[in-house]
Amino acid sequence: MPIYQIALPLPKRQVFDYLCEQADLVPGVRVVVPFGPREMVGVIVNAVTESEHQTKLKAIKRVLDESPVLDEALLAISHWLAHYYQHPIGEVMQTVMPVALRKGESDKPKPTCVLGLSNSDVDELISQVSRAKKQTELVQMLTAGPVALSEVKQQFSMAVINALLEKGIVEKHEVEVSSDVLSWSVPESLDKPRANVQQALAITAITHRLDRFACFLLEGITGSGKTEVYLQSIEEVLRQQRQVLILVPEIGLTPQTVKRFERRFGLAVGVLHSNLTDNERLNVWQRSRSGELAIVIGTRSSIFTPMLKPGMIIVDEEHDGSYKQQDGLKYNARDLAVILAKHYQVPLVLGTATPSLETLNNALTGKYQHLQLLQRAGNAALAKQQLMDITNQSLESGIATGMLERLQAHLEQGSQVMIFVNRRGFAPALLCHHCGFVEQCKRCNKPYTVHKSLHKIQCHHCGAAKAIPPKCNECGHHEMVTHGVGTEQLEALLKKRFAQYSTVRIDSDSVRGKSKLHTLLDEVNRGQHQILIGTQILSKGHHFPNVTLVVILDADGALFSADFRAAEHLAQLITQLAGRAGRAEKPGEMWLQTHQPGHPLLQDLIHNGYGDFARFALQERKLADLPPFCYQGLFRAEALQASDAFQFLSTVAELLTIENVRIMGPLPAIMEKRQGRYRMQLLLSSPSRAQLNRAIANHIVSIENLPAGRKVRWSIDIDPQDFL
DNA sequence: AGCACGCCGACT
DNA sequence: GTCGGCGTGCTC
């Protein structure tokens, strides 16, 4: 009887062998197997003739698929992920599959519900509806032919639909979707803008040979028309009847973005974002696999969407941190896109105004083709960047007095202003004016953030909140003062100081849902608010044409951070913000408040721009032997007892002492304590990615079985993005 | 990861 | 005398 190796969703770097009478099962097929006292859904990895565990083999309970759910590309990607990230194959396959399929649901499309008219005499039917306006509209919509229920629901409420169903005017049918044909037509005469020279060069470079792997860095300054390059390149791919996968950052996926793609080609676009249900996700997955969808656009995990005829992959805002998954399988979707494009033999376009140093380095060394868009189209403007030295300056809630006057001047001109702070809440600490005691979260050993409007102090690391203490816990004095500045405090100051203008605060406290964010942003652009206060959120995706003054309150933190990428991220933030404000006839200015006006990185950034800064920063990384000039892997461990984490990592360090791999640690993590657990890490770095990988791979099973690992939660992070 | 088995404290 | 705490070990 044939034996199959099955990948099961367990944190174990091994497969489990099972018997099955069926001899024709192939890798990628899901099966249900008995596992100890329970049942699990696993995926066939391989068929073998012998097993080390011959005597204890059990039989597969049920075969779920006739053909593999994981196609050849996804299987290859799963193995690559398991090897590169040294992650258990079962968990990898779990990550790669949509949730519905992990649970064992069928991968065949469910019959869709469609609504149609009960007879063809439209006038007769409309007369039956009588005066109900919405119902008449729906009947009219259906005169063109039956429409899917899910689509009808977007425009009409269930009440309207049910009313017509009860009257027998409309009927519901289940229809098998048969979408085995891949075919769409792109209109010949697309109403498209004319590309400028640089755009045209980029489009030609990308579309020159679409039938092979090539990686492009499309470095386009804000407003240079990156999207138009995407669109015209996509057009060529679509004409070849091939599909396009587009990755966007979490926050960048707005209905407007999707509509732009839909309107241009008049084709169905599959959209994947975090608010979809498992079944909606599965539906897009199926329609992409069958070739029905020409374009799929989505966030990080969309990289796992199968395609019948892949033609191109685009990663927009390639520098964005949301492409790296922070828990479980810590993959980077942008890096994975390179592997996938190579596998498919299709071009990959990485687009951004502020390339990550890793990608820029690949472009500068010729590994990627570097396409640059330096001309700004029509209405775009870049705010003029300037430094404001605040050493010895008087500050009011963190803002320099001179800056307040500048705000006043811009507001009087009828412009909008934007102030950027990197902290939510009122103040990042509460301390006793008498003895200096700082109120700290006991689980994280970090100061509580003060939220005055909620009358609470909250730990921003674990979320725990409590009432603001009326007196010092240490000395009992009643004089508690705040330290530092958050968005809430700035809002209070500016509301008082500029009472005649409307101030709005945009951070994750003030925008609970995504729709709230869009409402507020719309209000800003309609001119309902003049003063805009916010965090990171403001730097992504939205334009503020009437903003003529942008102030960054504190640029210094990032210059002396323990995280070597902090300066890069600050530069990206500043450049992105500068590109979001103002327009050609009304250019903006941007001020960076700093205690370090002479800092070379800041100087370079504001005088020579991001491109120059990035090249300079790359030199620094090279001298310091940091990524992308070395490769890193990070072992993290956390335990209730700091010594347990330390001991585990020490043992790991001993095992991994290998030539050409530098080991640092075990050291406490930057966030040394979080949610009551002590966190330590062990950083490995090597000039050779292969040697680093081999060092870990050779010992991972012994590490996995280390008795010292029982008390700790540990994980490996290959190419770590941050060191929190 | 789950889940069972197993050996020591406060309770109907 | 039992219920239940979570340490240890195993799952093909």
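Helices (H or I, at least four residues) and strands (E, at least two) are here DSSP runs, numbered from the N terminus. The model is a predicted one, in which local features need pLDDT of at least 70 and side-chain atom pairs count only at pLDDT 80 or more, while totals for chains, interfaces and linings use all residues. Residues are numbered from 1 along each chain as its sequence is written, chains are lettered from A and ligands numbered from 1 in the order in which they are written, and side-chain values use heavy atoms, with hydrogens and water left out.

**Domains and the second largest pocket**

Chain A is divided into domain 1 (3-102), domain 2 (112-175), domain 3 (197-373), domain 4 (384-427 + 484-620) and domain 5 (631-718), with bounds that come from an automatic or database domain assignment. Taken over C-alpha atoms, the centres of domain 3 and domain 5 are separated by 34 Å.

A pocket is an open set of points, on a 1 Å grid over the protein atoms alone, where a 1.4 Å probe fits and which has protein on both sides within 12 Å along at least five of seven lines; its lining residues have an atom within 4 Å of a point. The second largest pocket has a volume of about 1700 Å³, a volume being the space filled by probe spheres set on the points, which are joined across faces, edges and corners. Among its 42 lining residues, the closest to the centre are Ser-150, Gln-154, Glu-280, Asn-283 and Arg-287. Domain 2 (112-175) and domain 3 (197-373) each give at least three residues to this lining, and its largest share, seven residues, comes from H11.

**Helix H9**

Helix H9 (residues 226-239) has 14 residues and reaches 20 Å from its first C-alpha to its last, close to the 20 Å expected at 1.5 Å a residue, where the expected span is 1.5 Å times one less than the number of residues. Of its 14 residues, 11 are buried, that is, under 20% relative accessible area, whereas exposed means over 50% and partly exposed in between (1.4 Å probe, protein chains only). The buried residues include Val-229, Tyr-230, Leu-231 and Ile-234, but also Lys-226, Glu-228 and Glu-235. After H9 comes Gln-241, with a positive phi near 60°.

**Residues in loops**

Three loop residues can be set side by side.

| Residue | Loop | Relative accessibility |
|---|---|---|
| Arg-212 | between helix H8 (197-207) and strand E10 (214-220) | 29%, partly exposed |
| Tyr-323 | between strand E14 (310-316) and helix H12 (333-344) | 1%, buried |
| Asp-625 | between H18 and E32 | 36%, partly exposed |

Arg-212 and Pro-347 lie 135 residues apart in sequence and 6.5 Å apart in space, C-alpha to C-alpha, whereas Tyr-323 and Cys-432, 109 residues apart in sequence, are 42 Å apart in space, C-alpha to C-alpha.

Most residues other than glycine have a negative phi, and most peptide bonds are trans. Asp-625, although not a glycine, has a positive phi of about 60°. Pro-628, in the loop between helix H18 (600-624) and strand E32 (631-639), is joined to Pro-627 by a cis peptide bond with omega about 5°. Asp-719, in the segment after strand E35 (713-718), has a positive phi near 55°.

**The surroundings of DNA strand B**

DNA strand B is surrounded by Leu-10, Pro-11, Pro-37 and Arg-38, a residue being near a strand if one of its heavy atoms lies within 4 Å of it. Sugar and phosphate account for 65% of the atoms of DNA strand B that come within 4 Å of the protein.
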